[in-house]
Amino acid sequence: MSTIKALAASSTAALALALSGCTTANIPGSTAPITQNEAQIGAEAHPQLLAEFGGAMSGPQAQYVQQVGQNIAVQSGLGNARESFTVSMLNSPVNNAFAIPGGFVYTTRQLVTLMDNEAELAAVLGHEVGHVAARHSQRRQANQQRNTLLGAGAAILSGILLGNSGLGQQIGQAAMQGSQLLTLSFSRSQELEADALGIRYLTQAGYDPSAMGTVLASLAAQNSLDARLQGRDNASLPEWASTHPDPASRVQEALTMAQGATGVTNRDTFLTRIDGLLYGDDPQQGVIEGRQFIHPDMRLSFTAPQGYYMINGTRAVSINGQSGQAQLTLAPYSGNLENYVASVFSGLGGNQQQLRPQSIQRTTVNGLSAAYGTARVNSGQGEVDVVVFAYEFANDRAYHFQVITQPGGASAFTPMFNSMRRISATEAANVVPRHLEVATVRSGDTIRTLANRMAYTDGQLERFLVLNSLDANATLRTGDKVKLVVRGR
């Protein structure tokens, strides 16, 4: 969640608008170089995407990712030089990778930490280059397929509770702002085509092409683990699978496509280069610890309801559960909480309907001035309740929850509303980030003893196994390198 700023228009929505004039007749083929128009589209969207996904990282780790990405991208023939491609590692705790027209390729630092070797890094980036080469974004737009511009929480909002109503679209786009899951979705055939192109690039570059299958397997395992830890039944949400459907089903096909070919993995080089990479939430964007969200810079904390899970984004925190969805975000504040709540409702209603609360009530929560209101809305597929609960933190700064539930279901969020509090300077200073540590297995080390060093209070063994692509019966040898997640500044 970002520092104080008004919500900006979605960069991906802007990209979709820029592509809206495409027709299949004028889309270049997969071997055609990047066009001037494509380069311009990408250059205009690039800074907005960086802002949406926590910004581009810098330093030796980011330079390494850029180097590998540019080396694999030139295999596509889209550009004649490595400099034809802009490869960015994003400061995001979400497992995601994507690319946009013009040779702009992105991976999050979190997805990099899940990888086991350089070949897997090249596979993910090569897959994204494959989407660019095949002009999948333009083809989806030209075919007037509905772009999935909504994150997991927004899909719950607009798909289940609101259908395709105007209100659902407005609230869904608001939820999208913080989800970091807003990139264009692709069909299964397009995913397989990008896999095939990525495998071709891997082979041409001398990498082991089976890395495409192994990294997809790791991603599927991580999605499944996240679902279990968060108490969700749907293991395909919320990360890369939202824009790259069902990695688990593509694993065997990718391995089959790569069968018989060999190449390097550069495992030791990769592990050395990513050692120390920030893992999970960046304290500057706020940190999720179990059901607690704490933001040391904004000096606030709240606790999600029992049975709900959170997704932390650069502009908002989404809170998702079976009976509803909420989001903590902010808007411009002029010092009047009633006006603030009313303006949030008006923004959620958009141009299609006037959305007003039945009344706006004042209260105090843990010493904070607060105001809230509820509106019963006909979504076109039934009634829903929309709640806005706002808190004043300074004369020019307020935050609010926006909630949508089935009628009468808002009480599930009451404990969360009442948990919002200002944290002390000491509590803020005690928020210590997690980092990736590459450790060498010593004599006497076991999977269990190493897993016990993981900086978590739950799922230590499962997290260790998935992070290192191991099963519980694996045997570690002295001198092997493994990844751990530890606390440290």
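Q: How many helices and strands are there in the protein?
A: This predicted model has 17 helices and 17 strands. Of its 489 residues, 56% count as buried.

Q: What makes a residue count as buried here?
A: Its relative accessible area has to be under 20%. By that cut-off, 56% of the 489 residues qualify.

Q: Why are α5 and α9 called oblique to each other?
A: Let's set the value against the classes. The axes of helix α5 (residues 118-133) and helix α9 (residues 188-205) cross at roughly 125° and come within 7 Å. Perpendicular runs from 65 to 115 degrees and antiparallel begins over 145. The angle falls in neither range, nor under 35 degrees, and α5 and α9 are therefore oblique. Their crossing is right-handed.

Q: Which residues make the contact of α5 and α9?
A: From α5 come A119, A122, A123, G126, H127, V129, G130, H131 and A133. Helix α9 brings Q190, E191, A194, D195, L197, G198, Y201 and L202. By class, nine of these residues are nonpolar, six polar and two charged. Glycine counts as polar in this scheme, and G126, G130 and G198 are among the residues in the contact.

Q: How do you know that β11 and β12 pair?
A: Pairing takes at least two bridges. Strand β11 (residues 360-365) and strand β12 (residues 368-378) are joined by six, and they run antiparallel. One facing position is T363, opposite A370 in β12. The hairpin has two residues between the strands, and N366 takes a positive phi near 50° there.

Q: Why is one side of β4 and of β17 left without a neighbour in the sheet?
A: The open sheet has three strands, ordered β4-β16-β17, with antiparallel pairing. β4 (278-279) and β17 (481-487) stand at the edges with a single partner strand each, so one side of each has no neighbour in the sheet.

Q: How do you know that β4 pairs with β16?
A: At least two bridges are needed, and two bridges join β4 to strand β16 (residues 434-440). The two strands run antiparallel, and Y279 stands opposite R434 in β16.

Q: Which helices lie on this sheet?
A: Helix α12 (residues 267-274) packs on the sheet and touches β16 and β17, with a direction about 10° from that of β17. Helix α17 (residues 460-467) lies across β4, β16 and β17, and runs at about 135° to β17.

Q: What describes the packing of α3 and α12?
A: In general, two packed helices are described by the angle between their axes and the distance between the axes. For helix α3 (residues 60-73) and α12, the angle is about 140° and the axes are 9 Å apart. P60, Q61 and Y64 of α3 meet T269, F270, R273 and I274 of α12. The classes here are four nonpolar, two polar and one charged.

Q: Why does G263 count as partly exposed?
A: Buried would require under 20% relative accessible area, and exposed over 50%. G263 has 35% relative accessibility, so this glycine counts as partly exposed. G263 is found in the loop between α11 (247-257) and α12.

Q: What does G263 touch, not counting residues up to four places away in sequence?
A: G263 touches G206, Y207 and D208. With Y207, the separation is 56 residues in sequence and 4.4 Å in space, C-alpha to C-alpha. Across the protein, 69% of contacts between residues at least 6 apart in sequence join residues at least 24 apart.

Technical notes: Residues are numbered from 1 along each chain as its sequence is written. This is a predicted model: local features need pLDDT of at least 70, side-chain atom pairs count only at pLDDT 80 or more; totals for chains, interfaces and linings use all residues. Side-chain values use heavy atoms; hydrogens and water are left out. Axes are lines fitted to C-alpha atoms, for helices over the stretch in contact, and angles run from 0 to 180 degrees between N-to-C directions. Helices (H or I, at least four residues) and strands (E, at least two) are DSSP runs, numbered from the N terminus. A crossing is left-handed if the near helix is turned anticlockwise from the far one by less than a right angle, and right-handed if clockwise. Contact means heavy atoms within 4.5 Å. Buried means under 20% relative accessible area, exposed over 50%, partly exposed in between (1.4 Å probe, protein chains only).
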